[in-house]
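I opened this notebook to record what I looked up in one structure. The entries cover surface patches, salt bridges and aromatic pairs.

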Amino acid sequence: MKKLHKTKAAGFTLIEIMVVIVILGMLATLVIQAVGDRPDQARGVKVKNDILALEGALKMYRLDTYRFPTTEQGLDALVKEPKLAKNWSGPYIERLPQDPWGTDYLYRTPSEHGMKFDIYSLGADGAVGGEGMDADIGNWNIE
C-alpha cells in the first residue's frame, strides 16, 4: 500500500499578506509626506521668478523713460504705453503674469521697504500679512 504524502500548499498566509500591506502603507505615508510639500514650494518659486522678471522689465523701462512707473500707472506701463511717458519703447514684458493663486501682482512706488519700488503678491489668502503660503512675498523678502 502506498502512503500518501501530505504536501504543504504553496502561498502566503493571511499574516504575511497583512504585514506586507502595513509596510506598503507606511512607505506610502512617507512618500506622501515628502512630496506633499512640493506644490507649495513650486508656487513660492514661481512668485520669486515672476518678481525677478518684473524687476528686470521695470529697470528697462527706467532706462528708456528715466523713471519708474508711478503707482497709478502700475505694472501695466510695462505692456502698454502710459500717458505722458517720454521715450517709452516697450512693451518691456510680453504679458503681465499672475501669481500662482490667480491674482495680479501689486506694485507701488515709493517702496515701503527702503527700495525704489515694491512688487509683491499677497500669498494664497489674498490678504495682507499671513504665515506660510499666506505670507506676502515681495521683492524685499526674496533671496
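**Entry 1: nonpolar surface**

I began with Ile23, which has a relative accessible area of 42% and is therefore partly exposed. I noted that this model is a predicted one. I located Ile23 in helix H1, which covers residues 14-36. I then asked which residues make a nonpolar surface patch with Ile23. I found Ile15, Val19, Val20, Leu24 and Leu27 listed with Ile23, and the patch comes to about 560 Å². Patches take residues with over 30% relative accessible area, so Ile23 at 42% meets that condition.

**Entry 2: salt bridges**

I searched the whole structure for salt bridges and obtained three.

I took the pair in helix H2 to start with. The side chains of Lys46 and Asp50 form a salt bridge, with N to O at 2.4 Å. Where do Lys46 and Asp50 stand relative to each other in the helix? Both belong to helix H2 (residues 38-65), and because they are four residues apart, about one helical turn separates them. I also recorded how each partner is covered. Lys46 has 32% relative accessibility and counts as partly exposed, whereas Asp50, at 12%, counts as buried. The cut-off for buried is under 20%, so Asp50 falls on that side of it.

I turned next to Arg108. A salt bridge joins Arg108 to Glu112, and their closest N and O atoms are 3.6 Å apart. The cut-off for a salt bridge is within 4 Å, so this pair is counted at 3.6 Å. Is Glu112 buried or exposed? I noted Glu112 as exposed, at a relative accessible area of 59%. Arg108, in contrast, counts as buried at 17% relative accessibility.

Arg108 also meets Asp118 through their side chains, in a salt bridge of 2.8 Å from N to O. I placed Arg108 in strand S1 (residues 106-108) and Asp118 in strand S2 (residues 118-121), so this pair ties together parts that are ten residues apart in sequence. Asp118 has 0% relative accessibility and counts as buried. I therefore recorded Arg108, Glu112 and Asp118 as one network, because their salt bridges share partners.

**Entry 3: aromatic pairs**

I described each pair of aromatic rings by the distance of the centres and the angle of the planes. I counted five aromatic pairs.

Among them is the pair of Phe68 and Phe117, whose centres are 4.8 Å apart and whose planes stand at 65°, an edge-to-face arrangement. Which parts of the chain does this pair tie together? I found Phe68 in the loop between H2 and S1, and Phe117 in the loop between S1 and S2, so the pair ties together parts that are 49 residues apart in sequence. Phe68 is buried at a relative accessible area of 15%, and Phe117 is buried at 5%.

I then examined Trp88 and Tyr92. Their ring centres lie 5.7 Å apart with the planes at 90°, so I entered this pair as edge-to-face. Edge-to-face requires planes over 60 degrees apart, and the 90° of Trp88 and Tyr92 satisfies this. Trp88 counts as buried at 16% relative accessibility, and Tyr92 is buried with a relative accessible area of 15%. As a last item, I recorded that ring pairs link Tyr61 with Trp88 and Tyr92 into a cluster.

Definitions and conventions: Residues numbered from 1 in each chain as written. Predicted model: local features only at pLDDT ≥ 70, side-chain atom pairs only at ≥ 80, totals over all residues. Heavy atoms only, no water. Patch = residues over 30% accessible without salt bridge, like charges linked within 9 Å, V, L, I, M, F, W, Y side chains within 5 Å. Areas by Shrake-Rupley, 256 points an atom, 1.4 Å probe, with all protein chains shown as cover. Helix = DSSP H or I, 4+ residues; strand = E, 2+ residues; numbered from the N terminus. Buried < 20%, exposed > 50% of the residue type's maximum accessible area, 1.4 Å probe, protein only. Phe/Tyr/Trp six-rings, centres within 6.5 Å; stacked < 30°, edge-to-face > 60°.
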